[in-house]
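Me: Could you go through this structure with me? I'd like to start with the cysteines.
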Amino acid sequence: SLGRIGVSLVLPVCFDTIEWFGLGPHENYPDRNASALLSRWTRRVSELHTPYIVPGECGGRGGVQWVAFSAAEAKEGGASGL
C-alpha cells in the first residue's frame with residue numbers, strides 16, 4: 001500500500017480571512033465537484049468548517065491554483081502561495 005503525503009500548515013490566529021482561486025464556494029470532494037464553480041473566492045476562516053455529526057475531514061477545496069491569507073489587523077502582514 002502507498003503511504004500518504006501531505007502538508008500541515010499552522011498560521012497565527014490573526015489570519016482570519018482566506019482568498020483562493022479554485023473550486024467553491026462550498027467544500028467539494030469528488031462527490032460534489034460537479035456543483036462547485038471555478039472562480040475567485042473569499043471567506044472568513046471561521047466559515048470554512050462544516051460541523052458534521054460524525055467528526056471527520058471537512059473544508060476541502062479542489063482545483064486551487066493560488067491561496068492568500070490575510071489579517072484584519074494589518075500589523076501582522078499577509079501570506080500567499082501558489
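Me: How many disulfides does the count come to?
Reply: Taking a disulfide as a pair of cysteine sulfur atoms within 2.5 Å, the count comes to zero. This is a predicted model, in which local features need pLDDT (the predictor's confidence in each residue, from 0 to 100) of at least 70, side-chain atom pairs count only at pLDDT 80 or more, and totals for chains, interfaces and linings use all residues. Residues are numbered from 1 along each chain as its sequence is written, and side-chain values use heavy atoms, with hydrogens and water left out.

Me: And is cysteine 14 buried or exposed?
Reply: Cysteine 14 counts as partly exposed at 26% relative accessibility, and cysteine 58 is partly exposed too, at 23%; buried means under 20% relative accessible area, exposed over 50%, and partly exposed in between, with a 1.4 Å probe and protein chains only.

Me: Where does glutamate 57 sit?
Reply: Glutamate 57 is in the loop between β2 (37–44) and β3 (66–71), where strands are DSSP runs of E, at least two residues, numbered from the N terminus. Glutamate 57 is exposed, with a relative accessible area of 61%.

Me: What is glutamate 57 in contact with, then?
Reply: Leaving aside neighbours within four places in sequence, glutamate 57 is in contact (heavy atoms within 4.5 Å) with Tyr29 and Tyr52.

Me: Switching to confidence, which element has the lowest mean pLDDT?
Reply: Strand β4 (residues 78–81) has the lowest, 58, whereas β2 has the highest, 96. For the protein chain the mean is 85, and 89% of its residues reach 70 or more. Where pLDDT is low, the predicted coordinates should not be read in detail.

Key:
Helices (H or I, at least four residues) and strands (E, at least two) are DSSP runs, numbered from the N terminus.
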